[in-house]
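Subject: The structure we talked about

Hi,

Here is the structure I promised to pass on. Have a look at it first, then read my notes underneath.

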Amino acid sequence: MGSLELRVKYGIWSRPNYAYGVCNAALLARRLGVPGISVIEFGVAGGRGLLALEDIAARVSRNLGVRIDVVGFDSGQGMPPPADYRDLAHVRDTGYYQMDHDKLRARLAGAELVLGNVNETVPAWLAREKMLPVGFVSFDLDYYSSTMQAFRIFEGPSAWRLPRVYCYFDDLVWPEFACHNEYIGELCAIKDFNSQHPDRKICPINMFRYMRIHDERWNEQIYVLHDFAHPLYTKNVMPTGDLYREIPL
Ligand SMILES: C[S@@+](CC[C@H](N)C(=O)[O-])C[C@H]1O[C@@H](n2cnc3c(N)ncnc32)[C@H](O)[C@@H]1O
């Protein structure tokens with residue numbers, strides 16, 4: 001229904017948050033002259049999110065002519081034991097969200113499923129140095145400790161990522177009893193990542209929801225990793241003839 005841009009603008013997708021991130025990452029890559037990107041889901045569980053990401057990536061890739069590799073990271077055995085109070089043990093526990101590996105693999109069209117604790121799989125995946133630059137990441141690992149480990153995806157040479165990486169954080173709200181705040185869970189991981197990295201910051205897009213047609217919850221869950229030292233960070237990505245080049249009388 002409608003063009004890709006119209007569908008992203010109005011959020012006509014089963015996961016409009018993923019569509020927004022993938023589409024904008026691909027557009028950014030194209031404007032930067034980067035031919036392909038990786039899009040990642042951390043925390044796959046049954047696989048509904050990864051299947052949605054695969055479908056979105058295929059449509060965006062066809063429309064924009066940017067190659068998109070899809071990758072999902074998960075333990076494959078559900079949640080590991082919580083490390084401390086920051087892992088929200090008051091609402092999560094060991095073994096939540098089991099995966100049926102065979103069933104999921106049979107449905108995947110080409111996405112890479114990386115199984116094991118992200119503590120080990122992320123450094124190993126990066127060490128292969130074969131991936132396209134990371135353009136979009138969905139973080140849905142629930143725990144502070146797991147999210148901190150997953151943030152290692154933003155380590156290594158700048159060629160391994162776009163200068164601005166679109167991110168979606170699933171666990172900033174719900175369940176209500178979690179009482180999310182910046183001292184526990186994903187919000188705490190974002191705060192600690194930012195304090196540990198002077199030239200890299202994960203931030204929301206200021207006033208993002210005012211740029212959207214529909215004000216939806218996920219608007220508050222879109223963040224961007226800014227890699228200020230990236231050689232492409234300052235490359236102008238506005239199209240020639242855009243509205244912001246002239247302010248006539
Ligand atoms: C809420 S579920 C993900 C749901 C999925 N994104 C969806 O939309 O359907 C959280 C997942 O994170 C995974 N997980 C949490 N900590 C992990 C870790 N340290 N390493 C690997 N996987 C982890 C669990 O196995 C679990 O499947």
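Below is what turned up, sorted by topic.

One thing before you start: this is a predicted model.

**Salt bridges**

Side chains of opposite charge can pair when their charged atoms come close. A search of the whole structure turned up twelve salt bridges. Here are some of them.

Start with arginine 86 and aspartate 84, whose side chains meet at 2.7 Å, N to O. Are these two buried or exposed? Neither label fits: arginine 86 is partly exposed, at 23% relative accessible area, and aspartate 84 is partly exposed too, at 27%.

Lysine 191 and aspartate 192 make another salt bridge, at 3.7 Å from N to O. Here the partners get different labels, because the cut-off for buried is under 20%. Lysine 191 has a relative accessible area of 30%, which makes it partly exposed, whereas aspartate 192 has 16% and counts as buried.

Then find arginine 200 and aspartate 227, which form a salt bridge at 3.9 Å, N to O. Arginine 200 belongs to strand β6 (residues 200–204) and aspartate 227 to strand β7 (residues 222–227), so this pair ties together parts that lie 27 residues apart in sequence. Both arginine 200 and aspartate 227 are buried. They also belong to a network of salt bridges that links them with Glu155, Arg161 and Asp199.

**Pockets**

Rolling a probe the size of a water molecule over the atoms shows where empty space is left. The largest pocket has a volume of about 910 Å³. Its lining has 22 residues, and those closest to the centre are Tyr20, Asn24, Leu27, Tyr166 and Met211. Four elements give two or more residues to that lining: α1, α2 (16–32), β5 (161–169) and β7. Which of them gives the most? That is α2, with six residues. By type, the lining divides into 15 nonpolar residues, two polar and five charged.

The second largest pocket comes in at about 660 Å³. It is lined by 34 residues, with Gly43, Ala45, Asp140, Asp142 and Asp170 closest to its centre. Helix α2 shows up here again, since α2 and α3 (48–64) each supply at least two residues of this lining. The types here are 13 nonpolar, eleven polar and ten charged.

**Aromatic rings**

How many aromatic pairs does the structure hold? There are 19. A good one to look up is tyrosine 18 with tyrosine 168, an edge-to-face pair with 6.1 Å between the ring centres and 70° between the planes. It links distant parts of the chain: tyrosine 18 is in helix α2 and tyrosine 168 is in strand β5, 150 residues apart. Both of these tyrosines are buried.

There is also a cluster of aromatic residues, made up of Phe42, Phe73, Trp125, Phe139, Phe151, Phe154, Phe169, Phe193 and Tyr223.

Some rings have a charge sitting over them. Arginine 15 lies over the face of tyrosine 18, 5.4 Å from the ring centre. Arginine 7 has its charged end over the ring of tryptophan 13, at 3.9 Å from the centre. You will find arginine 7 in helix α1 (residues 4–10), and with a relative accessible area of 16% it is buried. For a sense of scale, the C-alpha atoms of arginine 7 and glutamine 98 are separated by 32 Å, and the two residues are 91 apart along the chain.

**Backbone oddities**

Most residues other than glycine have a negative phi, and most peptide bonds are trans. With that in mind, take a look at tryptophan 174 and proline 175, which are joined by a cis peptide bond with omega about -10°. Tryptophan 174 has a positive phi as well, near 65°. It sits in the loop between β5 and α7 and is partly exposed, with 47% relative accessible area. Proline 175 is placed in the loop between β5 and α7 (185–196).

Leucine 88 has a positive phi too, near 55°. This residue is in the loop between β2 (67–74) and α4 (101–107). Is leucine 88 buried or exposed? It counts as buried, because its relative accessibility is 2%.

Have fun clicking around!

Definitions and conventions
Residues numbered from 1 in each chain as written. Predicted model: local features only at pLDDT ≥ 70, side-chain atom pairs only at ≥ 80, totals over all residues. Heavy atoms only, no water. Salt bridge = Lys/Arg side-chain N within 4 Å of Asp/Glu carboxyl O. Buried < 20%, exposed > 50% of the residue type's maximum accessible area, 1.4 Å probe, protein only. 1 Å grid on protein atoms, 1.4 Å probe; cavity = no way out; pocket = protein on both sides within 12 Å on 5 of 7 lines; lining within 4 Å. Points joined across faces, edges and corners; volume = space filled by probe spheres on them. Nonpolar A, V, L, I, M, F, W, Y, C, P; charged D, E, K, R; others polar. Phe/Tyr/Trp six-rings, centres within 6.5 Å; stacked < 30°, edge-to-face > 60°. Lys NZ or Arg CZ within 6 Å of the ring centre and 35° of its normal.
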